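Colleague: Got a moment to go through this one with me? I'd like to start with how the helices pack.

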Amino acid sequence: MNKYKLGKHEPRHDKRTLMFCDYVDVSKLPPVKQQVDWTSGIKDWGMMRNDEIGDCTCAGIAHSIQVWTAANKNEITVADSDVIKAYSDISGYNPQTGENDNGANELDVLNYWRNVGINGHKLGAYAKLNTHNIQHVKISSDIFGVNYLGIALPNTAQGQEVWDVVNNGGDDSIPGSWGGHCVIMVGFNVTGPLIITWGKVMQMTWAFWLAYCDEAYALFSNDWMNNDKSPEGINSQLLQEDLRVI
C-alpha cells in the first residue's frame with residue numbers, strides 16, 4: 001500500500017481572508033531568529049490515516065494541536081476517528097464505503113476548524129502569509145508555533161530525504177505534477193522550513209519553499225497563547241475586530 005497519500009485542492013482565493021502583513025509591525029519585534037524548532041518532546045506524530053486516505057488537510061489540524069499542547073506541557077494526540085469525522089464533514093468522504101476520498105480545500109478546513117472545531121479544539125483565527133515574504137513566515141513560525149501550508153508537490157520530491165529543487169527534473173519538476181499536499185511548518189533553520197508530513201519531521205529547503213509552496217497561513221490558537229498575551233508587534237486587537245466583521 002502506498003503510504004504517501006495526497007489530498008489538498010488548488011488554493012481558493014477569498015477576498016475576505018485576513019492577511020498577516022496587516023497585523024504585524026516588524027519594527028516592534030526582536031530580530032528574526034536563525035532557527036526555531038517546536039518539535040521538542042513529541043515522539044509519536046501519528047499518521048492520522050494519511051497513509052490510507054487523502055485527509056492531509058485534517059491531519060494538519062491534529063498535528064498542530066500536538067505542537068501547541070506539547071509546548072504547554074500537556075500534549076494532546078487527537079484520535080484518528082476525530083480526524084476522519086472532520087474530513088468527512090468537510091469533504092463528504094464516506095468512511096464506510098471509501099467514497100468521495102477526494103481531498104479538501106484548505107480554506108474550507110480552516111473555516112471548519114474555527115467554527116466547529118475538532119476534539120473540542122477550535123482555531124481562534126488564521127491569516128494568509130505571503131509565501132515570498134520569508135521574514136513574515138519565520139516570524140509567524142516563531143511566535144505562533146505552527147504555519148499551515150499547501151504544497152504543489154513535484155514528482156521529483158518522491159523519495160527525497162530533504163525536499164529540494166531538482167533543476168534537471170524536466171516535467172517531473174513542474175509544481176503539482178505529483179499533487180497537492182498539506183503539511184504544517186513547525187520551525188526553520190538556515191536550510192529551510194521544518195515540516196510535519198506523513199507522521200514524521202521533514203526538512204525542505206528555502207528554494208523548494210519558493211518554488212512549490214502555493215499557500216500558507218499563520219494560525220492563532222488558544223492552545224498556544226492567550227489572546228491578551230499577543231506580543232508587541234502583533235496587533236491582536238485589530239485582528240479580533242476584523243474577525244467580528246467577517
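Modeller: First, a term: two residues are in contact when heavy atoms lie within 4.5 Å. Also, this is a predicted model.

Colleague: Fine. Which residues of α1 and α2 meet?

Modeller: From α1, Cys58, Ala59 and Ala62. On the α2 side they meet Val83, Ala86, Tyr87 and Ile90.

Colleague: How does that contact split by class?

Modeller: Seven nonpolar residues, with no polar and no charged ones, make up the contact of α1 with α2.

Colleague: And the geometry: at what angle do the axes of α1 and α2 cross?

Modeller: Roughly 140°, and the axes come within 9 Å. Here α1 covers residues 56-71 and α2 covers residues 80-91.

Colleague: Why do you call that oblique rather than roughly antiparallel?

Modeller: Because roughly antiparallel needs an angle over 145 degrees, and the crossing is at roughly 140°, α1 counts as oblique to α2.

Colleague: Left-handed or right-handed?

Modeller: The crossing of α1 past α2 is right-handed.

Colleague: Changing topic. How many cavities of 30 Å³ or more are there?

Modeller: Two in the structure. The second largest has a volume of about 60 Å³.

Colleague: Which residues lining that second one are closest to its centre?

Modeller: Ala59, His63, Cys182, Thr197 and Trp198, out of 14 lining residues. Ala59 is also one of the α1 residues that meet α2.

Colleague: Which elements supply at least two residues of that lining?

Modeller: α1, β5 (179-188) and β6 (193-197) each do.

Colleague: And its make-up by class?

Modeller: The lining of the second largest cavity has eight nonpolar residues, six polar and no charged.

How values were computed:
Residues numbered from 1 in each chain as written. Predicted model: local features only at pLDDT ≥ 70, side-chain atom pairs only at ≥ 80, totals over all residues. Heavy atoms only, no water. Axes fitted to C-alpha atoms, helices over the stretch in contact; angles between N-to-C directions. Helix = DSSP H or I, 4+ residues; strand = E, 2+ residues; numbered from the N terminus. Parallel < 35°, antiparallel > 145°, perpendicular 65-115°, else oblique. Left-handed = near helix turned anticlockwise from the far one by under 90°. Nonpolar A, V, L, I, M, F, W, Y, C, P; charged D, E, K, R; others polar. 1 Å grid on protein atoms, 1.4 Å probe; cavity = no way out; pocket = protein on both sides within 12 Å on 5 of 7 lines; lining within 4 Å. Points joined across faces, edges and corners; volume = space filled by probe spheres on them.
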